[in-house]
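Subject: A structure for you to look at

Hi there,

Here is the structure I promised to pass on. Have a look at it first, and then read on for what turned up.

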Amino acid sequence: MNDVVLKTEGLKKVIGKRTIVSDISLELHKGEIFGFLGPNGAGKSTTIKMIVGLSKITEGNIYISGHSVKTEFKKAMRNVGCIVENPDLYKYMSGLDNLRMFAKMYPSVTEQRINEVVKIVDLEKAIKNKVKTYSLGMKQRLGIAQAILHSPDLMILDEPTNGLDPAGIHDMRELLRKLCSETGLTVLVSSHILSEMQLMCDRVGIINKGKIVTVKTIDELINMTNDDDKAVMVIKTDNNKKAEEIIKAKAIKCISVAEGVQVETSKENVPAIVADLTAQGIAIFGMDNKDTHTLEDVFMKLTGEGK
Ligand SMILES: Nc1ncnc2c1ncn2[C@@H]1O[C@H](COP(=O)(O)OP(=O)(O)OP(=O)(O)O)[C@@H](O)[C@H]1O
Ligand SMILES: [Mg+2]
């Protein structure tokens with residue numbers, strides 16, 4: 001069976017004389033969270049607006065659940081829910097009334113379905129309160145409830161974590177994961193923040209200056225930096241101070257961090273370091289590879305944003 005939920009073919013947008021995006025060809029599969037990652041002005045919102053029918057396609061085409069946005073617009077749109085920039089909410093109305101009003105656009109959405117989505121996004125307690133009393137995270141979740149009300153195959157969120165605090169980002173991530181695994185929803189989420197995408201997505205498409213630079217799974221992206229043999233790791237021991245001295249004595253870069261000692265060296269040195277520490281009576285409780293900057297490195301390399 002064909003599990004392609006979103007397909008864009010050679011998508012292009014020209015505004016005036018300027019080509020904003022071109023050659024955007026993507027395929028998103030059922031149940032995956034796909035990250036659309038790129039710096040400010042890369043063309044993420046422009047592409048998304050074409051996908052959800054808010055902006056005219058200059059060239060190419062888009063298929064949502066097999067329906068052409070150009071020739072079967074209504075059918076295509078019936079299969080997508082979206083939040084572009086901020087959710088459209090009436091702040092003097094309750095969350096529930098917002099959903100009820102939105103539901104009027106879809107005759108198939110029942111009161112039971114409304115209650116169901118309220119539960120999914122975990123807003124049962126606050127749903128009767130006015131939206132103006134909601135936190136940003138709650139508004140985003142209400143926006144998601146609105147977007148999935150008509151049970152679309154595809155949900156598109158443009159920068160959903162913008163302005164959210166770490167707890168809000170965590171909740172958002174959990175919610176998206178739950179939706180995808182439990183309902184088979186496919187999600188396209190844009191962001192310019194690498195670390196968030198890394199945690200949230202199955203695959204990432206990197207866009208820069210209006211073009212897709214690469215499409216990779218998160219693992220593939222991280223592995224791209226593993227071609228050099230450098231290792232950065234944090235070793236947790238029962239005596240970090242002594243461990244640091246032992247490692248430094250080998251002329252290897254080593255600093256104390258909260259979790260243990262952070263070592264930066266070539267991979268071939270790692271077994272000897274471990275052996276030395278053990279031989280000198282240091283107990284090793286764990287080693288964490290520090291990959292926090294690698295995705296950023298890849299991104300910089302691919303987009304030529306680096307120095
Ligand atoms: N209506 C328009 N007219 C002219 N230029 C536009 C228009 N809309 C967008 N642009 C330009 O197209 C480029 C891409 O914009 P877009 O909003 O798609 O980027 P983005 O990747 O969403 O960026 P951000 O991370 O800042 O949201 C920008 O240089 C922007 O100035
Ligand atoms: Mg944008």
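Let me start with helix H4 and what it packs against. Please keep in mind throughout that this is a predicted model. The buried residues of H4 pack against three other helices: H3 (95-103), H5 (136-148) and H6 (166-183). H4 itself covers residues 111-120, and its buried residues are Arg113, Ile114, Val117, Val118 and Ile120. Looking down the axis of H4, you will find these buried residues within an arc of 160°, so they line one face of the helix. If the spacing along the sequence seems odd, it helps to recall that an α-helix has 3.6 residues a turn, so residues three or four places apart point the same way. On the face of H4 turned away from the buried side sit the exposed residues Gln112 and Lys119. Just after H4, take a look at Asp122, which has a positive phi of about 60°.

Next, the nonpolar interior. The largest nonpolar core has 49 residues, and the members that touch the most others are Leu99, Ile144, Met155 and Leu176. Apart from this core lies another, of 27 residues, including Val21, Leu28, Ile51 and Ile62. Leu99 is a nice one to click on: leaving out residues up to four places away in sequence, Leu99 touches Ile114, Val117, Val118, Ile127, Leu142, Ala145, Gln146 and Leu149. Three of those names may ring a bell, since Ile114, Val117 and Val118 are among the buried residues of H4.

Now over to helix H1 (residues 44-51), where you will find Ile48. Ile48 is buried, with a relative accessible area of 0%. Which residues does Ile48 contact, once its neighbours within four places in sequence are set aside? They are Phe36, Val84, Ile156, Asp158, Leu188 and Ser190. Asp158 is a partner from far along the chain: Ile48 and Asp158 are 110 residues apart in sequence, yet their C-alpha atoms are 7.5 Å apart in space.

Finally, the salt bridges, of which the whole structure has 13. Here are some to look up.

In one of them, the side chains of Lys44 and Glu159 meet at 3.9 Å, N to O. Lys44 lies in H1, while Glu159 is in the loop between strand E7 (154-158) and H6, so the pair ties together parts that are 115 residues apart in sequence. Lys44 counts as buried because its relative accessibility is 5%, under the 20% cut-off. Glu159 is buried too, with a relative accessible area of 14%.

Another salt bridge joins the side chains of Asp202 and Arg177, at 3.2 Å, N to O. This pair also links distant parts of the chain: Asp202 sits in the loop between helix H7 (194-200) and strand E9 (203-208), and Arg177 in helix H6, 25 residues apart. Asp202 counts as partly exposed at 29% relative accessibility, and Arg177 is partly exposed at 33%.

Within helix H9 (residues 240-249), Lys248 and Glu244 are 4 residues apart, which means that about one helical turn separates them. They form a salt bridge too, with their closest N and O atoms 2.7 Å apart. Lys248 is partly exposed at 45% relative accessibility, whereas Glu244 is buried at 15%. There is also a small puzzle of shared partners to trace: salt bridges join Lys7, Glu9 and Glu27 into one network.

Happy exploring!

Best wishes

Key. Residues are numbered from 1 along each chain as its sequence is written. Chains are lettered from A and ligands numbered from 1 in the order in which they are written. This is a predicted model: local features need pLDDT of at least 70, side-chain atom pairs count only at pLDDT 80 or more; totals for chains, interfaces and linings use all residues. Side-chain values use heavy atoms; hydrogens and water are left out. Buried means under 20% relative accessible area, exposed over 50%, partly exposed in between (1.4 Å probe, protein chains only). Helices (H or I, at least four residues) and strands (E, at least two) are DSSP runs, numbered from the N terminus. The arc is that of the directions from the helix axis to the C-beta atoms. Contact means heavy atoms within 4.5 Å. A nonpolar core is a set of buried Ala, Val, Leu, Ile, Met, Phe, Trp, Tyr and Cys residues joined through side-chain atoms within 4.5 Å. A salt bridge is a side-chain nitrogen of Lys or Arg within 4 Å of a carboxyl oxygen of Asp or Glu.
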